[in-house]
Amino acid sequence: MDRAELDLVAWAFADDGVPTEALQELAAELAPDGVGRIELLRRGSNVVLQAPESRCILRLQHAHLADAVKANLDLVARLTATGAPLVGPLTSRVAMTDVVVLTAWPAGQPANAEDTAALGAVLQTLHDVQPPRELSLVNVTDRFDRRFADLPSDIPNRIAKALRDHADLAVDTLRAASSSSDVLLHGDAHVGNLVFLHDEPRLIDLDDLCRGPREFDLAPSLASYQRFHRDDRRWQAFRAAYGESADWDLVNTLTVVREATMNTWLAGLWEHDPHARDELIHRVDTWDKDWNSHEPWRAM
């Protein structure tokens, strides 16, 4: 098996859910006093673990990403030192083998769906931080290319065409908007990536930090409002907390980027999850209709 294809969860846990000795040894390198019990929190492009007794979050990634992981740790440490509202690492060290790399972070209290005002305020603070020039401009093209390369072969042509058409529109729309401003972006700014650490709102999941138009970070919240919860109070709280430094018409235009990102991800579940399949069909069927005219999309 190619190391990049290693199942990280299978590496970290035995069949009975007990952490493997290899995981425990790596965790001990980052926390010599021990982290206690380790549990799976979520899996995606990387695996996020939690150690509830020590209030520690561990992020497990493939070893071929080690250089990028180390660079990100350094970047986040520098940004938090200048006041960026990010959760910094517990240690600047990484623990790694020839197949995985592990980092340690403090655990915050997860935000809930009602904390949209906190998200708006924290994004305003983030966007006021001078972005390091080495940060690349926001780019979704590579992400779409990877997802279309892995698109399940049995997706109907009309679904695949709709995904490609909207992804192309998203790329063109973002390219046209990229000259509007150049601020520090989170890159995946939604309330699920907000926590409260020492009662202060902070952003997590920092792999996508980049530069670009502030409206890119605001579009996920508008897409969430229009396509999912449709709660005017939550949307107005977010907008009021962020303030009027944004071009809200441009935010609306950029929602296609968020929608195409969500739906190309959902397409990856087509072969294995009938609920995801049904939801993707619903989203494609209603994508170009007024969002008030159809049933909301369901979060997956």
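Buried means under 20% relative accessible area, exposed over 50%, and partly exposed in between (1.4 Å probe, protein chains only). The model is predicted, so to speak by record: local features need pLDDT of at least 70, side-chain atom pairs count only at pLDDT 80 or more, and totals for chains, interfaces and linings use all residues. Residues are numbered from 1 along each chain as its sequence is written, and side-chain values use heavy atoms, with hydrogens and water left out.

**Exercise 1.** Work out the strand order of the sheet that holds β6, β8 and β9, and find its edges.

*Solution.* Start with the terms: strands are DSSP runs of E, at least two residues, numbered from the N terminus, and two of them pair if DSSP finds at least two bridges between them. Next, take β6 and β8 (residues 194-197): 2 bridges join them, and they run antiparallel. One link to check is Pro 110, whose bridge partner in β8 is Val 195. Put together, the 3 strands make an open antiparallel sheet, ordered β6-β8-β9. That leaves β6 (109-110) and β9 (200-203) at the edges with a single partner strand each, so one side of each lacks a neighbour in the sheet.

**Exercise 2.** Find the loop residues Asp 199 and Asp 205, then compare phi and exposure.

*Solution.* Begin with the background: most residues other than glycine have a negative phi. Asp 199, in the loop between β8 and β9, has a positive phi of about 70°. Its relative accessible area is 71%, so Asp 199 is exposed. Now move to the loop between β9 and β10 (210-212), where Asp 205 sits. Phi of Asp 205 is also positive, near 60°, but this residue is partly exposed, at 24%.

Note on methods. Helices (H or I, at least four residues) and strands (E, at least two) are DSSP runs, numbered from the N terminus.
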